[in-house]
Amino acid sequence: MEAYEIIKKPLLTEKSYAGIQAKVYSFVVDKRATKTEIKKAVESIFGVEVEKVNTMVVKGHKKVQNTKAGRTVGKTSDYKKAIVTLTEKSKPIAFFESLS
């Protein structure tokens, strides 16, 4: 897989904003990607040094919608989340620095 296929988008939540100062960033990644592939993709896209990568599969949850036709139940998609920690000597990722 190519680097831009592995890293789908940054994950911007209150908890992920707290980690920006410590050079800890969250991304939504391809479900088939391994930690090693994620590390190489982040290093090649952003030009930084990655210390470690933690991954988890986030299960989708039920969504209930009331419409004129009645009540429908759906489900949000499952996705894989990667939490990437950079080394101390690495430069920060510019995209996230503009948010803090």
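**Figure 1. The whole chain, from one end to the other.** Follow the sequence and you will meet the pattern α-β-α-β-α-β-β-β-β-α. That adds up to 4 helices and 6 strands. Please keep in mind that this is a predicted model. Along the principal axes, the C-alpha atoms fill a box of roughly 55 × 30 × 20 Å. The radius of gyration of the chain is 16 Å, whereas a compact globule of 100 residues would have one near 13 Å.

**Figure 2. Contacts and surface.** Among the contacts in the chain with a separation of 6 or more, 62% join residues 24 or more positions apart. Buried residues make up 32% of the 100 residues. On the outside, the chain exposes about 6900 Å², and carbon and sulfur atoms supply 51% of that area. The chain carries 20 positive and 11 negative charges, and the mean positions of the two groups lie 10 Å apart.

**Figure 3. A look into the largest nonpolar core.** This core holds 19 residues, and those that touch the most other members are Ile7, Phe27, Ile38, Val42 and Val84. Two or more residues come from each of helix H1 (3-6), strand E2 (24-29), helix H3 (35-46), strand E3 (50-58) and strand E6. Such a grouping fits a general trend: in soluble globular proteins, nonpolar side chains tend to be buried together.

**Figure 4. Ile7 and its partners.** Zoom in on Ile7, one of the core residues just introduced. Setting aside neighbours within four places in sequence, Ile7 is in contact with Phe27, Val28 and Val29, and also with Ile38, Ala41, Val42 and Ile45.

**Figure 5. Leu86 in strand E6.** Here the view moves to Leu86, a residue of strand E6. Leu86 counts as buried because its relative accessibility is 3%, under the 20% cut-off. Not counting residues up to four places away in sequence, Leu86 touches Lys23, Tyr25, Val48, Glu49, Val50, Glu51, Lys91, Pro92 and Ile93. Ile45 makes a handy landmark: Leu86 and Ile45 are 41 residues apart in sequence, and their C-alpha atoms are 14 Å apart in space.

**Figure 6. Thr87 in the loop after strand E6.** Thr87 lies in the loop between strand E6 (79-86) and helix H4 (94-97). Is this loop residue buried or exposed? Thr87 is buried, because its relative accessible area of 16% is under 20%. Beyond neighbours within four places in sequence, Thr87 is in contact with Lys23, Glu49, Val50 and Glu51. You may recognise these names, since Lys23, Glu49, Val50 and Glu51 are also among the residues that Leu86 touches.

Methods. Residues numbered from 1 in each chain as written. Predicted model: local features only at pLDDT ≥ 70, side-chain atom pairs only at ≥ 80, totals over all residues. Heavy atoms only, no water. Rg over C-alpha atoms; globule rule 2.2 N^0.38 Å. Buried < 20%, exposed > 50% of the residue type's maximum accessible area, 1.4 Å probe, protein only. Contact = heavy atoms within 4.5 Å. Areas by Shrake-Rupley, 256 points an atom, 1.4 Å probe, with all protein chains shown as cover. Lys, Arg positive; Asp, Glu negative; His and termini not counted. Charge placed at Lys NZ, Arg CZ, Asp CG, Glu CD. Core = buried A, V, L, I, M, F, W, Y, C linked by side-chain atoms within 4.5 Å.
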